[in-house]
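Work through the following exercises with the sequence and the model side by side, and try each task before reading its solution.

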Amino acid sequence: MMNIGQGLKSVLVVDDHDLIRLGICRMLADVQGITVIGQAASGEEAVDKVRVLSPDIVFMDIRMPGIGGVEATHRILSRYPNTKVIVVSAFNDDVYPATLLKAGASGYITKNAGSLEVKAAVQAVLSGKAYVSPELAQMMVLNGMQSGQDNSPLATLSHRELQIATMITSGRRAKDVAETLNISPKTINTYKYRIYEKLGVTNDVELTLAAVKYGLVDPSEVI
């Protein structure tokens, strides 16, 4: 077993898929000094459980019902800055790691990470370091070397624009997105057309295709 040290640390695991949550919990069971104190299946539930449970670390999925993991991470870190968030994503694109690390997330691993990598991520963030899966870190470095900047148009989106684009490409209507984010449908449409302009698309179908191309959407989720 891997010993973290410096007292028992608490963990909240957030994912809308039961099997993935259980898998992460089982991996963490082998880490001495770590205890899983709760699970959540949506962004809203994650924010509420952080408020109630005050975990040291949150393992956070990105694409979930409701506000999703991007907004949940933003809310948690703005309200509870001492909480460490490790993002767990199915995507291998470098846009999400860059965006979420800039927003304050402490780590980013993919869902195919093994137990050793999960443990390494925990150890790194608890020691005050950032952790990114090696293949993602290499991709981010290579993209930076090739372009001198983020080379995906998704990198031009603001936090709110990225959040709304994620919801729209998940098949949610503007009215539903507005209700979830507690803003007007008119404001959602303003954001949407700003997203269209930045990505060079003209409708939701083209937006979804662009999202697949640049790693915002898993192709298997597009019907």
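A residue is called buried when its relative accessible area is under 20%, exposed when it is over 50%, and partly exposed in between, with a 1.4 Å probe and protein chains only as cover. The model is a predicted one, in which local features need pLDDT of at least 70 and side-chain atom pairs count only at pLDDT 80 or more, while totals for chains, interfaces and linings use all residues. Residues are numbered from 1 along each chain as its sequence is written, and side-chain values use heavy atoms, with hydrogens and water left out.

**Exercise 1. Place valine 85 in its strand and describe its surroundings.**

Solution. Begin with the secondary structure, for which helices (H or I, at least four residues) and strands (E, at least two) are taken as DSSP runs and numbered from the N terminus. On this basis valine 85 belongs to strand β6, residues 84–89. Next, consider accessibility: with a relative value of 0%, valine 85 counts as buried. Then list the neighbours, where contact means heavy atoms within 4.5 Å. Leaving aside residues up to four places away in sequence, valine 85 touches Val58, Met60, Thr73, Ile76, Leu77, Ala105, Ser106 and Gly107. Finally, examine one of these in the backbone: alanine 105 is 20 residues away along the chain, yet its C-alpha atom is separated from that of valine 85 by 5.1 Å.

**Exercise 2. How many residues does helix α3 have, and which of them are buried?**

Solution. Helix α3 runs over residues 68–79 and has 12 residues. The expected span of a helix is 1.5 Å times one less than its number of residues, and the 17 Å from the first C-alpha of α3 to its last is close to the expected 16 Å. The buried residues of α3 are Gly68, Gly69, Val70, Glu71, Ala72, Thr73, Ile76 and Leu77. Among them, Thr73, Ile76 and Leu77 are also contacts of valine 85.

**Exercise 3. Analyse the salt bridges of lysine 49 and lysine 111.**

Solution. A salt bridge is defined here as a side-chain nitrogen of Lys or Arg within 4 Å of a carboxyl oxygen of Asp or Glu, and the whole structure holds 10 of them. Take lysine 49 first: its partner is glutamate 45, with the closest N and O atoms 3.4 Å apart. The two are four residues apart in helix α2, so about one helical turn separates them. Lysine 49 is partly exposed at 25% relative accessible area, and glutamate 45 is likewise partly exposed, at 30%.

Turn now to lysine 111, whose side chain meets that of aspartate 61 at 3.1 Å, N to O. Because aspartate 61 lies in strand β5 (residues 57–61) and lysine 111 in the loop between β7 (107–110) and α5 (115–126), the pair ties together parts that are 50 residues apart in sequence. Aspartate 61 is buried at 3% relative accessibility, whereas lysine 111 is partly exposed at 29%. To complete the picture, Asp15 is linked with Asp61 and Lys111 in a network of salt bridges.

**Exercise 4. Which residues of helix α8 are buried, and which exposed residues lie on the face turned away from them?**

Solution. In α8, residues 174–181, the buried positions are Val177, Ala178 and Leu181. They lie on the same side of α8, because they cover an arc of only 100 degrees around the axis, the arc being that of the directions from the helix axis to the C-beta atoms. The cover over these buried residues includes α7 (159–168) and α9 (185–199). On the face turned away from the buried side, Lys175 and Glu179 are exposed.

**Exercise 5. Where do asparagine 182 and serine 54 lie, and what are their phi values?**

Solution. Asparagine 182 follows α8 and lies in the loop between α8 and α9. Although it is not a glycine, asparagine 182 has a positive phi of about 60 degrees, and at 71% relative accessibility it counts as exposed. Serine 54, in the loop between α2 and β5, has a positive phi near 50 degrees and is also a residue other than glycine. Serine 54 is exposed as well, with 51% relative accessibility.
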